[in-house]
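The exercises below ask the reader to examine charged pairs, cysteines and one loop residue. Each task is followed by a solution in steps.

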Amino acid sequence: MIVRWGLGELPGVLHELGIARPFLVASPRWDSLDLPATARWTEIPSHRIEVPEGVDGVLAVGGGSAIDTAKAASAESGLPLVSVPTTYSGSEWTCFFGVRDPDKRMRGGGAGAKLAGIVYEPELTLELPRAETAGTAMNALAHAAEALYHPARTAESDRCAAEGAELITGSLPAVLEDPRDLGPRTSLLKGAAHAGEALGLAGLCLGHAMAQALGGRYGLPHGAMNALCLAPALRFNDSVVPEAIENLGKAMGTKDPVDRIEKLARLGGFERLRDFGVPENELDEVAEATAVRAGAKANPRPASPAEIAELLRSIY
């Protein structure tokens with residue numbers, strides 16, 4: 001994976017990868033940027049994206065929805081993908097993707113995107129609204145946390161996860177206090193990049209599976225759902241991976257990482273599932289959908305649908 005910092009590096013990355021005729025996947029929000037494009041797709045998210053003739057690579061600019069849409073196009077066509085992330089979602093680091101329609105309802109998913117390059121530009125995050133800033137940052141923190149106890153974890157993924165957790169925890173409050181301050185925004189993006197790399201090296205567990213089931217069923221923001229689901233998932237896992245959760249706390253600078261995560265979630269405006277209109281009488285169905293997801297199956301402590309339902313009720 002080629003990773004560069006600064007939007008000015010994008011032409012060089014594309015040239016290095018042999019991409020001369022990119023297919024740009026970006027919403028109209030980014031029309032003001034001077035981006036190379038032989039063809040363009042603007043419907044984000046989309047379940048019907050098709051790669052046109054005459055292009056030799058895919059260029060994604062935007063958050064997780066744009067990058068996942070572009071990953072679907074890359075997987076279908078076999079073309080290399082370069083991402084320019086504008087949130088802290090970490091989607092640029094994994095070949096897996098969810099497919100949603102324009103109403104954000106889940107239509108499926110897949111794998112096989114040909115990840116080739118990432119260009120980070122902190123200035124593109126300065127206009128990110130508060131809810132999306134906090135939500136995608138908490139999603140990134142969840143990547144770091146779950147990578148620390150995923151069965152595929154390695155020394156390298158542990159290092160990336162710890163660096164990511166430290167930077168995210170240290171910079172998110174400052175970003176929320178002054179969203180236009182480029183310094184904390186840069187630190188937060190660096191933290192999200194480390195956490196995303198940890199995600200790519202290890203994988204997702206129960207907290208993400210819960211968030212994915214909720215988001216896919218109700219069209220809710222993935223970051224917000226992770227902000228709510230991470231703490232109960234950590235509590236559930238503490239009896240089987242106490243050392244990993246202790247290491248998470250060390251990276252976050254606290255002896256109680258679960259409490260710190262809950263405080264960060266509240267700082268971002270995320271309190272309870274009921275605030276997002278999730279029907280209480282459907283939590284058992286959400287739990288059933290969670291239990292069959294890959295993240296739930298990879299969790300170090302097996303979770304039954306009944307146990308997952310109780311976790312969901314704890315944050316309802």
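**Exercise 1: A salt bridge between two helices**

At 33% relative accessibility, R217 counts as partly exposed, a term for values between buried (under 20% relative accessible area) and exposed (over 50%), computed with a 1.4 Å probe on protein chains only. The model is a predicted one, in which local features need pLDDT of at least 70 and side-chain atom pairs count only at pLDDT 80 or more, while totals for chains, interfaces and linings use all residues. Residues are numbered from 1 along each chain as its sequence is written, and side-chain values use heavy atoms, with hydrogens and water left out.

Task: Determine which side chain meets that of R217 in a salt bridge at 2.5 Å, N to O.

Solution.
1. A salt bridge requires a side-chain nitrogen of Lys or Arg within 4 Å of a carboxyl oxygen of Asp or Glu.
2. The partner of R217 is E285, at 2.5 Å from N to O.
3. This pair links distant parts of the chain, 68 residues apart: E285 lies in helix α10 (residues 283-291) and R217 in helix α6 (residues 206-218). Helices here are DSSP runs of H or I with at least four residues, strands are runs of E with at least two, and both are numbered from the N terminus.
4. E285 is partly exposed, with a relative accessible area of 43%.
5. A network of salt bridges links R217, E282 and E285.

**Exercise 2: Two further salt bridges**

Task: State how many salt bridges the structure contains, and describe the bridges formed by R153 and R159.

Solution.
1. The count comes to 15 salt bridges.
2. R153 pairs with D158, their closest N and O atoms being 2.4 Å apart. R153 is partly exposed at 41% relative accessible area, whereas D158 is buried at 17%.
3. R159 pairs with E163, and here the closest N and O atoms are 3.5 Å apart. Both residues belong to helix α4 (residues 155-177) and are four residues apart, about one turn of the helix.
4. R159 has a relative accessible area of 40% and is partly exposed; E163, at 28%, is also counted as partly exposed.

**Exercise 3: The cysteines**

Task: Explain why C205 does not form a disulfide with C229.

Solution.
1. A disulfide is a covalent bond between the sulfur atoms of two cysteines. The criterion applied is a pair of cysteine sulfur atoms within 2.5 Å.
2. The cysteine sulfur closest to that of C205 is in C229, and because it is 14 Å away, it is too far for a bond.
3. For C229, in turn, the closest cysteine sulfur is that of C205, at 14 Å.
4. A search of the whole structure accordingly gives zero disulfides.
5. As for their surroundings, C205 is buried at 0% relative accessibility, and C229 is buried at 0% as well.

**Exercise 4: A serine in a loop**

Task: Is S46 buried or exposed, and which residues are in contact with S46 beyond its neighbours within four places in sequence?

Solution.
1. S46 is located in the loop between β3 (39-41) and β4 (57-62).
2. Its relative accessible area is 4%, so S46 is buried.
3. Contact means heavy atoms within 4.5 Å. Apart from neighbours within four places in sequence, S46 is in contact with W41, T69, V99 and R100.
4. The side chain of S46 also reaches the backbone nitrogen of R48 at 3.2 Å.

Note on methods: A polar contact is a pair of N or O atoms within 3.5 Å; within protein, one must be able to donate a hydrogen and the other to accept it, and residues adjacent in sequence count only if both atoms are side-chain atoms.
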